[in-house]
Amino acid sequence: MAPGIRIAPSILAADFTRLGEQIAEVEAAGADQIHIDVMDGRFVPNITMGPLVVQAARRATRLPLDVHLMIVEPERHIPAFVEVGANIISVHVETCPHLHRTVQQIREAGASPSVVLNPHSPAVLVQEILPFVDMVLVMTVNPGFGGQAFIPETLPKIRELRRLSATLNPTLHIQVDGGIDPHTAPQVVAHGANVLVAGTSIFGAESGIGAAMAALRSAAGQ
Ligand code: DX5
Ligand code: ZN
């Protein structure tokens with residue numbers, strides 16, 4: 001049986017002048033983990049945040065910090081992120097020629113390892129690593145920016161990963177990231193995703209953070 005639904009608000013869409021308050025607000029609204037998007041201007045076009053922001057988030061919440069590394073050579077920076085409080089570290093298969101080694105490095109550093117697939121990368125690329133990770137992140141947009149449109153062609157890959165997990169890793173979390181809102185959430189959950197990253201649809205919601213979190217959870221069927 002697949003693990004329960006988890007909501008991971010992405011602070012990329014938060015108001016950074018009051019980051020602590022925004023994290024407290026999603027926590028009070030029932031967030032399960034805080035998603036932090038690290039971009040280097042090389043693997044992806046945009047530059048965002050580094051360990052300093054993870055350290056600040058650590059002081060604002062006791063929730064797990066879910067750090068999504070969109071950077072080249074992530075192995076050079078994993079220790080720095082774990083030292084300041086990252087609990088889950090996601091690395092892109094497209095940036096890791098020695099993925100098994102990098103996954104081991106994350107676990108040995110004391111964090112939970114996760115691997116990420118860009119929209120064009122097939123499920124088979126992570127088949128052999130599934131027994132060694134706790135989560136697979138399926139990008140449902142091209143990484144680099146918040147507020148992009150969900151790519152529905154990624155749905156069959158989610159189903160394929162959930163099928164592979166039945167024999168290779170029954171407790172595997174499958175996370176989705178990009179364009180997740182009350183309209184797309186039921187689709188990704190129906191295909192086997194259980195960890196929903198959402199930035200714009202939570203922090204940008206006109207109805208407010210609490211109502212947006214409730215709407216997303218209800219749309220996800222939980
Ligand atoms: C995109 C990031 C996402 C982003 C999602 O590169 O990995 O985590 O914050 O933003 P929304 O939910 O606005 O699509
Ligand atoms: Zn992300």
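## Ligand 1, the zinc site and two loop residues

Around ligand 1 there are 20 residues, of which Ser10, Asp37, Gly144, Asp177 and Thr200 come nearest. The structure described here is a predicted model, and the account below begins with the surroundings of this ligand before turning to the zinc ion and to two residues in loops.

The table lists polar distances between the protein and an oxygen atom of ligand 1.

| Residue | Part of the residue | Distance to an oxygen atom of ligand 1 |
|---|---|---|
| His35 | N or O atom in the side chain | 3.4 Å |
| Asp37 | N or O atom in the side chain | 2.7 Å |
| Gly199 | backbone N or O atom | 2.8 Å |

Taken on its own, ligand 1 has 390 Å² of accessible area, and the protein covers 98% of it.

Two of the residues in the table, His35 and Asp37, also take part in the zinc site, where the zinc ion (ligand 2) is coordinated by His35 through NE2, Asp37 through OD, His68 through ND1 and Asp177 through OD, at 2.0 to 2.3 Å. The site has six donor atoms, with angles of 71 to 168° among them, and its geometry is octahedral. Along the sequence, the donor residues follow the spacing H-x1-D-x30-H-x108-D. Within this set, Asp37 in strand 2 (residues 34-39) and Asp177 in strand 7 (residues 173-177) are 140 residues apart, and the pair links distant parts of the chain.

How accessible are these two aspartates, Asp37 and Asp177? Asp37 counts as buried because its relative accessibility is 4%, under the 20% limit for that class. Asp177 is likewise buried, with a relative accessible area of 9%.

The next residue to consider is Ser121, which lies in the loop between strand 5 (112-117) and helix 5 (124-127). Ser121 has a relative accessibility of 3% and therefore counts as buried. When its neighbours within four places in sequence are left aside, Ser121 is in contact with Glu94 and Lys157, and with Glu94 there is a polar contact of 2.6 Å between the two side chains.

Where does Ala205 lie? Ala205 is found in the loop between helix 8 (200-203) and helix 9 (209-219). At 22% relative accessibility, Ala205 counts as partly exposed, because that class runs from the 20% limit of buried residues up to the 50% above which a residue is exposed. Apart from its neighbours within four places in sequence, Ala205 is in contact with Thr200 and Ala212; Thr200 is also among the residues that come nearest to ligand 1.

How values were computed: Residues are numbered from 1 along each chain as its sequence is written. Chains are lettered from A and ligands numbered from 1 in the order in which they are written. This is a predicted model: local features need pLDDT of at least 70, side-chain atom pairs count only at pLDDT 80 or more; totals for chains, interfaces and linings use all residues. Side-chain values use heavy atoms; hydrogens and water are left out. Donors are N, O and S atoms within 2.8 Å of the metal (3.2 Å for Na, K and Ca); water is not among the atoms, so sites may look incomplete. Four donors count as tetrahedral if all angles lie between 85 and 135 degrees; four count as square planar and six as octahedral if opposite donors are over 155 degrees apart and all others between 65 and 115; anything else is irregular. Helices (H or I, at least four residues) and strands (E, at least two) are DSSP runs, numbered from the N terminus. Buried means under 20% relative accessible area, exposed over 50%, partly exposed in between (1.4 Å probe, protein chains only). A residue is near a molecule or strand if one of its heavy atoms lies within 4 Å of it. A polar contact is a pair of N or O atoms within 3.5 Å; within protein, one must be able to donate a hydrogen and the other to accept it, and residues adjacent in sequence count only if both atoms are side-chain atoms. Accessible areas come from the Shrake-Rupley method with a 1.4 Å probe; for residues, only the protein chains shown count as cover. Contact means heavy atoms within 4.5 Å.
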